[in-house]
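Student: Please take one part of this model and go through it closely. I would like to know how it is covered and what it pairs with.

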Amino acid sequence: MKEKPVKKTNVVYLLLTVLGPVALIILGAAIGYNFFHDGGSGAVVCFMGPSILSVAWWILGPTTIWKRKKKKMVKDLDAQGFHRNQTFYGSSQTVVVDVRQGKVALLFFWNPFELFVLPAKRINKAWTEDGAGGAGFLRGTSRVSFLFLVDKVKVRVNTFTSNQRWKMEDPKILEAISKADMMVQILDEAKRASRV
């Protein structure tokens, strides 16, 4: 079990993912300008090739890595004897709870190479946030999530997100609140089991 602090973001990975392709585009443009100054197919390859590869990387690269690491996480946890009582796949993090052993496993989108398996007693607090806002008939939400604090690091896992406001009575919102409440309850159960 890792006792080191939970890190949601690997800064080196983030910078390489975002800025690496930009450096590739600049390098391609420099090569194209210096060696194919008069144009031609070499210039097209140098100017367009890195741009196309960079866009493809930004669209597919991090997502593909994330999907593969989630699959690997499940295999690694099973190999460790981790009982996956509840798994919640959020858009940028995965939370797996072993209630029996009082453990929580965390994997983050911007830190996919580091799986955190920790005792649930390190969770200071867990709660649901329905995101409700507005008054009267305008009352609604565009995000429902459950949150928890691990070593003073706030982890937010969305159970519902939208780019528009939904009424609080909408079945989708009620389902999202129910999922968030269930995850908070499971985290609290694991926390109690971890202290025994």
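Tutor: Take strand 3, residues 103-108, in this predicted model. Strand 3 is mostly covered, with six of its six residues buried. The burial applies to both faces of strand 3. Lys-103, Ala-105 and Leu-107 are buried on one side, and Val-104, Leu-106 and Phe-108 are buried on the other. Buried here stands for under 20% relative accessible area, and Lys-103 falls in that class along with the other residues of the two faces.

Strand 3 pairs with strand 2 and with strand 4. Strand 2, residues 93-98, runs antiparallel to strand 3 and is joined to it by six bridges. One of the bridge pairs is Asp-98 with Lys-103 of strand 3. The connection between strand 2 and strand 3 is a hairpin with four residues between the strands. Gly-102 lies in that turn and has a positive phi of about 65°.

Strand 4 covers residues 111-119. Strand 3 and strand 4 also run antiparallel, with five bridges between them. Here Val-104 has Leu-118 of strand 4 as its bridge partner. A hairpin makes this connection too, passing from strand 3 to strand 4 through two residues.

To put the two ends of strand 3 together: Lys-103 is the bridge partner of Asp-98, Val-104 is the bridge partner of Leu-118, and both Lys-103 and Val-104 are buried, on opposite faces of the strand.

Methods:
Residues are numbered from 1 along each chain as its sequence is written. This is a predicted model: local features need pLDDT of at least 70, side-chain atom pairs count only at pLDDT 80 or more; totals for chains, interfaces and linings use all residues. Side-chain values use heavy atoms; hydrogens and water are left out. Buried means under 20% relative accessible area, exposed over 50%, partly exposed in between (1.4 Å probe, protein chains only). Two strands pair if DSSP finds at least two bridges between them.
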